[in-house]
Amino acid sequence: MSHVLDNPAWNALQSGNKHLAFGDNPVSYFDKEVSPFAALEENTEANFQLLYEQIRHNGPILFVTPVEIAFSKQWEVPRVIKGLQMVCDTATMPDEVTAQLTPLTDDHIPQMLELTKLTNPGPFASRTINFGHYQGIFEDGKLVAMAGQRLHAFNYAEISAVCTHPDHTGKGYARQLLLNQINRIKAASGIPFLHVRYDNHRAIKVYESLGFATRIEVYFYVPKKV
């Protein structure tokens with residue numbers, strides 16, 4: 001039997017993120033203003049055809065898989081991103097959060113979009129905040145760091161959009177935000193996980209220091225309809 005996180009987007013869309021799901025089995029996806037993730041119960045040619053028929057826009061989608069796949073000619077795949085899936089399943093609770101964190105709301109979306117555009121932590125759109133649990137750090141009224149959650153696959157919760165303004169790196173803000181998310185997830189009896197580019201060595205070291213370990217390598221495909 002495959003692990004829940006072998007197909008994290010599909011399992012999230014069937015469980016913790018079901019309220020944000022569109023599509024008909026065996027296809028599921030988010031509204032593009034929430035997330036570009038789309039998923040299949042199984043990666044078959046027939047299911048990819050159903051996905052092609054059900055997606056109602058021509059913009060790129062995001063497809064995560066632990067194995068390399070070949071798309072048919074009706075899809076253009078301009079980008080493939082190799083990453084690591086890391087899980088924090090240690091019983092030890094991490095340190096306490098000492099920074100002043102602010103829950104982020106719809107009023108903060110313009111600043112969230114500005115920060116993610118500058119730092120590029122991954123896809124972030126006008127309604128990505130709907131995933132919930134976003135926290136930020138402000139200096140002089142300006143959002144300078146943030147983190148939240150994204151895929152909720154049964155008892156696994158993904159930490160996402162961890163980013164810090166370039167002028168404010170080196171202050172430990174990312175670590176504080178990560179601690180907050182880890183504590184929140186574990187307090188709810190969940191298991192934190194995240195995805196990171198395979199070559200983002202600085203971030204990987206931070207994650208490892210907080211108890212994350214690499215589970216598998218993954219591929220992020222960014223296909224769109226031809």
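Two strands are taken to pair if DSSP finds at least two bridges between them, and in this predicted model that criterion is satisfied by strand E1 and strand E2 (residues 27-30), which run antiparallel and are joined by two bridges. Within this pairing, Ala21 has Phe30 of E2 as its bridge partner. Helix H2 (residues 45-54) packs on the sheet to which these strands belong, where it touches E2 and E3, and the direction of H2 makes about 40° with that of E2. The sheet itself is open and consists of three strands in the order E1-E2-E3, with antiparallel pairing; its edge strands are E1 (21-22) and E3 (38-40), each of which pairs on one side only.

The loop between E1 and E2 contains Asn25, a residue that is exposed, with a relative accessible area of 60%. When residues up to four places away in sequence are not counted, Asn25 touches Trp10 and Gln14. Val80 is separated from Asn25 by 55 residues in sequence, and the C-alpha to C-alpha distance between the two is 25 Å.

A further open sheet is formed by eight strands, arranged in the order E4-E12-E6-E11-E10-E9-E8-E7 with mixed pairing. Its edge strands are E4 (63-65) and E7 (102-103), each pairing on one side only. Three bridges connect E4 with E12 in the antiparallel sense, and the bridge partner of Phe63 in E12 is Tyr221. Helix H4 packs on this sheet and touches E8, E9, E10 and E11, with a direction that makes about 30° with that of E9. Helix H3, in turn, lies across strand E8 (135-139), E9 and E10, and runs at about 85° to E9.

The largest nonpolar core comprises 35 residues, and those with the most contacts inside it are Phe30, Phe37, Met112, Tyr134, Met146, Leu151 and Phe220. Two or more residues are given to this core by each of helix H1 (8-14), E6, helix H3 (109-119), strand E9 (142-153), E10, E11 and strand E12 (213-221). Apart from this core lies another, of 16 residues, among them Met86, Ile159, Leu179 and Ile204. Tyr134, one of the residues with the most contacts inside the largest core, is in contact, leaving aside neighbours within four places in sequence, with residues including Thr102, Pro103, Leu104, Met112, Phe124, Ala147 and Ala161.

Ile204, already named as a member of the 16-residue core, is also one of the buried residues of helix H5 (residues 201-209), which are Ala203, Ile204 and Tyr207. Seen down the axis of H5, these buried residues fall within an arc of 100°, so they line one face of the helix. An α-helix has 3.6 residues a turn, so residues three or four places apart point the same way. The other side of H5 carries the exposed residues His201, Arg202 and Lys205. The packing partners of the buried residues of H5 are strand E6 (80-87), strand E10 (156-164), helix H4 (173-187) and strand E11 (191-197). H5 is followed by Gly211, for which phi is positive, near 105°.

Conventions
Residues are numbered from 1 along each chain as its sequence is written. This is a predicted model: local features need pLDDT of at least 70, side-chain atom pairs count only at pLDDT 80 or more; totals for chains, interfaces and linings use all residues. Side-chain values use heavy atoms; hydrogens and water are left out. Buried means under 20% relative accessible area, exposed over 50%, partly exposed in between (1.4 Å probe, protein chains only). Helices (H or I, at least four residues) and strands (E, at least two) are DSSP runs, numbered from the N terminus. The arc is that of the directions from the helix axis to the C-beta atoms. Contact means heavy atoms within 4.5 Å. Axes are lines fitted to C-alpha atoms, for helices over the stretch in contact, and angles run from 0 to 180 degrees between N-to-C directions. A nonpolar core is a set of buried Ala, Val, Leu, Ile, Met, Phe, Trp, Tyr and Cys residues joined through side-chain atoms within 4.5 Å.
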